[in-house]
Amino acid sequence: MRINKYLSGCGIDSRRKCEKLITDGRVRVNGKTITVLATDIKDGDTVEVDGKYVGQSSRKVYIMLNKPKGCVCTASDDKGRKTVLDMVKVKERIFPVGRLDYDTEGLILLTNDGDTANIITHPRNMVKKVYSVRVEGEPTDAEIKRLRNGVEYCGVKYAPAQVKVLGSQDGETKLEITITEGKNHEIKNMIESLGRRVLFLKRTEIAGLRLGGLSRGEWRYLNPREIERLKTLS
């Protein structure tokens, strides 16, 4: 098994983030630091990250969290900010699948199943993510059409989005936006390309899994049907 897949299966982080741990020289196999991503892990090998032994858990867990504002989607934070792992206490080592910005709230999945996490986050699978968005002012029909056709902001192109206008009040407009890419700050940058600001942003759905009745900061395990849905996305 490739080292990045092994580490992700240990619940360290997503495969791509595990690759950076490897190239940064933070991983040792059988006492030797390795930086080659093609390294294979065999039965009986001892693997350490930052000097701590890691092993794969036989129990895979899948968790949905309603992330509040004011926490980051990382395993730890060098600025001392609260992380999503501070809010979800389980015995297994887990990691967030993808990310939400510090000031964005809503649905985030956490797991120790690297294969399923890779299915959800890989761009080729075009997994739908739905957001509730409040923007300043009232976007024109032409602006909404731009979002639906795809926009460019600071040299980055964003794919066409599904956009529903849910209503305007007090100088704000509520939109429901569905995207499939998952680029950094995607929704915010799309709205910025129109010359407007995002006032509120919440993710409500991933791959057909809806946030439902979870209050901010609450979490639950996915049920078997939801887990199977994720595994069949690729």
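Here are some notes on the pockets and cysteines of this predicted model.

1. A quick word on ground rules: residues are numbered from 1 along each chain as its sequence is written. In this predicted model, local features need pLDDT of at least 70, side-chain atom pairs count only at pLDDT 80 or more, totals for chains, interfaces and linings use all residues, and side-chain values use heavy atoms, with hydrogens and water left out.

2. Let's start with the largest pocket (an open set of points on a 1 Å grid over the protein atoms alone, where a 1.4 Å probe fits, with protein on both sides within 12 Å along at least five of seven lines). Its volume, the space filled by probe spheres set on the points, is about 710 Å³. The lining (residues with an atom within 4 Å of a point) has 26 residues, with Ile12, Asp13, Arg26, Ala75 and Ser76 nearest the centre.

3. Then there's the second largest pocket, at about 580 Å³. Its lining counts 27 residues, and Gly98, Arg99, Gly182, Lys183 and Asn184 sit closest to its centre.

4. Now the cysteines: how many disulfides (pairs of cysteine sulfur atoms within 2.5 Å) does the whole structure hold? The search turns up 0. Cys18 is in none, as the nearest cysteine sulfur, on Cys10, is 8.3 Å away. Cys71 is in none either, with the sulfur of Cys73 nearest at 6.2 Å.

5. Are Cys18 and Cys71 buried or exposed? Cys18 counts as buried (under 20% relative accessible area, 1.4 Å probe, protein chains only) because its relative accessibility is 0%. Cys71 is buried too, at 0%.

Key. A disulfide is a pair of cysteine sulfur atoms within 2.5 Å. Buried means under 20% relative accessible area, exposed over 50%, partly exposed in between (1.4 Å probe, protein chains only).
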